[in-house]
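Hello,

Here is the structure I promised to pass on to you. Have a look at it in your viewer, and then read on for what I found.

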Amino acid sequence: MEQNQQFFHAHHSPMGALASFTVGESGEHGGMGLELGAPFAGNIFVGYQDGEGVVNSFPFYKGANDQSERYVQKDDTSSLSERVFENVERDYQWASDTFSAPGISFNVLSPFFEIPDPALAQHQKLKQASCPAVYVELSFDNTSNQDWTGFFALQGDDLRWNKLLDGDSNGMLGVTCRDNIGLATTCKSATAFSHFSVQSALSKIGNNDCFMLGPTAGFMVDVKAGEKVTLRLALGFYLGGNATFNRAMQYYYTQHFTGLNDVLSYALDHFDEYAAIAKQADKELQASALNAHQQYLLAHATRSYYGSTQWLFDGTESVWVVNEGEYLMMNTLDLTVDMLFFELTKNPWTVKNTLKQFLSHYSFYDEVFDPENPGVNYPGGLSFTHDMGVSNNWSPKGESSYEVAGLDRVCFSHMTYEQLTNWVLCCGVYISKTADKAFAIEQRGTLIDCLQSLLNRDNPNPELRDGIMGFESARTQQGGEITTYDSLDHSLGQARGNIYLAGKSWAAYLAIAKVLQDLGETEQVKLALDAAKRCADKLSASFDKELGYIPAVLDGHSTSAIIPAIEALVYPYEMGLSEAVSEQGPYGEYIKVLKAHLEYVLNQGFCLYPDGAWKLSSTADNSWVSKIYLNQYVARKILKIEQANSVEADAAHVRWQTIGASKHACCDQFSSGKPIGSLYYPRCVTNILWLDE
């Protein structure tokens, strides 16, 4: 990684704890945070005091004044000089993140692995998977002829610390804050402390090594001249009691751990196992065919995904939630459909869990209307909400936290049609990938209802259907629906007549047909396949030879060019329907048109930035990288488009994260390489698909 790109924030998170040790940006706040949509507003101190009395540290803090100034009216109580390490090197792997400077190595391990199905797995496997901790290896190599003092500490204005008491410590040394976050080690040569600052603690102002007025706490360790010392730390999180509201649930880890001290003790006892898991993940990514830029992007995305996850327990069974980054919306369905491929690779049960939650609590039946005659409603059908709630507050049944009636194709309007396709696509891909026949049988009636709902939203009159969305949900109250591209112009933001969403409806019809075919529903399969053919024919016929592509919205006015016209090809492909995405298959003309479309628009005149980065729409300087990654996969793997295989583009997308979004961990929404929303975001794991190339 280039020298100017090594400082950027990254999540380091347990799986399912909605917790993060966020570190990596220079001169910015970070630390251990629970249930946050941004980095914790604290400071991280890692380094050593050398033999000259100089405090050397990594630059992971911002404005860290000695808090004693609040109590004593004089200059800094510590006269120690400070120095930030220069020429810091960073080795950013899939599950390890190592910072190195002269005499010191700071390695953060965030192991991830398959979370076993809670309904089937053994207790010990579930305990291992749910342990809410991350792991630190801090190594010092003192080649000087003078003694050093190494340190690791966290600071926050609102943090106050206790040392682990002998009766509770189980042989550990450590400090905790409100029994929610804590640091522990079994290194007997270390000393736990809390004080105003690292400097005041090093200066030994007084002899109280746990001064509770101080907001800074951590460890010190002596490193004699010529010695090498390694300090292993567990960073633990814990929130007991009800974690959510309106539907009361606890964190699943509370079923296996009695409290924070139990978490810290278990994490340290199993440190070697977790370190080995992290090492194996690193090796897997290193051994892949991905280039260095792509490896970085996958590692960065994976961390933010797990940093947004909640594994909950409702008193009877597990409930899986992925929070929408900075917005903290719960199980946003248009993210679920994109994170689907990652979850099916790692934790397939979470997909079924989310689908069943939507069906039981966040589904509804509506009516639809023709925008040309909005005063008359017709039968609509089954669909699903945008999300399940926000900031641990579950929405009422059948409602989302996001969608607002009375809006016409602008942000916060309803996404009824897209969420219908999303649920169907998740269901179809899940059943195809897992061969879960029992779930398929269970969803037979649901999928038939979804099919009718899709057909009605095309047109309630079968004679007038053309395969794409033409009617709006009455839940908009005579407004207009939008897509997941909610803050874009109509090239991608408007649902009706949109070729991106039309592609999804084509894929949804195929998904329904595949599942119902295996269940013997011949009549419904014919309805679905006829609809898929109408949709493909409509889109093929809409290719504008004068423009050189299919306009983004089929309204007779749009001239926008968009990349995501090709996006939906991923779903039949991942379902094993290779003929459906073949130029020689039943939709061959549609596939040829999509290929010609992308080859024409994938240039700087339309959908490329000058540095090679992708631009989703020619008329909107606003792109979601999760969607870029997904469309890159489709372009390369399915359509075999050579110019989509660009290291230049990969390098540009890395710069978006390491330079543009360096303060926010992995981000999704960018304008010309600058983050404009969707910060601290989980959806970018669409790039797990690259491992299949």
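Gln-419 counts as buried, because its relative accessibility is 0%, and buried begins under 20%. Please keep in mind as you read that this is a predicted model. Gln-419 sits in helix H9. Setting aside residues up to four places away in sequence, Gln-419 touches Leu-333, Asp-334, Ser-383, Phe-384, Thr-385 and His-386.

Two of those names lead us on to a helix pair. Leu-333 and Asp-334 are among the residues of helix H7 that meet helix H9. H7 covers residues 333–346 and H9 covers residues 416–434. How do the two helices lie relative to each other? Their axes are 8 Å apart and make an angle of about 15°. Angles under 35 degrees count as roughly parallel, and H7 and H9 are therefore roughly parallel to each other. Their crossing is left-handed. On the H7 side, the contact includes Thr-336, Val-337, Leu-340 and Leu-344. On the H9 side, Gln-419 is joined by others, including Trp-423, Leu-425, Val-429 and Tyr-430. Sorted by type, the residues of this contact are nine nonpolar, four polar and three charged.

For a contrast with the buried Gln-419, try Lys-397. Lys-397 is in the loop between strand S23 (393–394) and H9. Lys-397 counts as exposed, because its relative accessibility is 59% and exposed means over 50%. Apart from residues up to four places away in sequence, Lys-397 touches Ser-360 and His-361. If you want to get a feeling for distances, pick Lys-397 and Gly-218: their C-alpha atoms are separated by 45 Å, and their positions lie 179 residues apart along the chain.

Now to another helix pair. Helix H16 (residues 625–638) and helix H17 (residues 647–660) have axes that come within 12 Å and cross at roughly 165°. Angles over 145 degrees count as roughly antiparallel, and H16 and H17 are therefore roughly antiparallel to each other. This crossing is left-handed. From H16, the contact uses Val-625, Ile-628, Tyr-629 and Gln-632, while H17 brings Ala-649, Asp-650, His-653, Trp-656 and Gln-657. Five of the contact residues are nonpolar, three are polar and one is charged.

Tyr-629 and Gln-632 turn up again around Trp-690. Is Trp-690 buried or exposed? Trp-690 is buried, with a relative accessible area of 1%. You will find Trp-690 in the segment after strand S27 (674–677). Leaving aside neighbours within four places in sequence, Trp-690 is in contact with Leu-290, Gln-294, Leu-297, Tyr-629, Gln-632, Tyr-633 and Arg-636. Trp-690 and Tyr-629 are 61 residues apart along the chain, yet their C-alpha atoms are separated by 8.3 Å.

S27 itself belongs to an open sheet of three strands, in the order S25-S26-S27, with antiparallel pairing. Strand S25 (623–624) and S27 are the edge strands, each pairing on one side only. S25 and S26 are joined by two bridges, and strand S26 (residues 669–671) pairs with S27 over three. Which residue of S26 is the bridge partner of Ser-623? That is Phe-670, and Phe-670 also has Pro-675 in S27 as a bridge partner. S26 and S27 form a hairpin with two residues between them, and Ser-672 in the turn has a positive phi of about 50°.

Finally, look for the open sheet of eight strands, with antiparallel pairing and the order S6-S7-S8-S9-S16-S13-S12-S11. Strand S6 (89–92) and strand S11 (162–163) are at the edges with a single partner strand each, so one side of each has no neighbour in the sheet. Within this sheet, strand S13 (residues 181–185) and strand S16 (residues 228–237) run antiparallel and are joined by four bridges. Ala-184 stands opposite Ala-234 in S16. Helix H5 (residues 271–286) packs on the sheet and touches S7, S8, S9 and S16, with a direction at about 90° to that of S9. Helix H6 (residues 292–307) packs on the sheet too, touching S6 and S7, and its direction makes about 75° with that of S6.

Enjoy exploring, and write back with any questions.

Best wishes

Notes: Residues are numbered from 1 along each chain as its sequence is written. This is a predicted model: local features need pLDDT of at least 70, side-chain atom pairs count only at pLDDT 80 or more; totals for chains, interfaces and linings use all residues. Side-chain values use heavy atoms; hydrogens and water are left out. Axes are lines fitted to C-alpha atoms, for helices over the stretch in contact, and angles run from 0 to 180 degrees between N-to-C directions. Angles under 35 degrees count as roughly parallel, over 145 as roughly antiparallel, 65 to 115 as roughly perpendicular and the rest as oblique. A crossing is left-handed if the near helix is turned anticlockwise from the far one by less than a right angle, and right-handed if clockwise. Contact means heavy atoms within 4.5 Å. Ala, Val, Leu, Ile, Met, Phe, Trp, Tyr, Cys and Pro count as nonpolar, Asp, Glu, Lys and Arg as charged, and the others, Gly among them, as polar. Two strands pair if DSSP finds at least two bridges between them. Buried means under 20% relative accessible area, exposed over 50%, partly exposed in between (1.4 Å probe, protein chains only).
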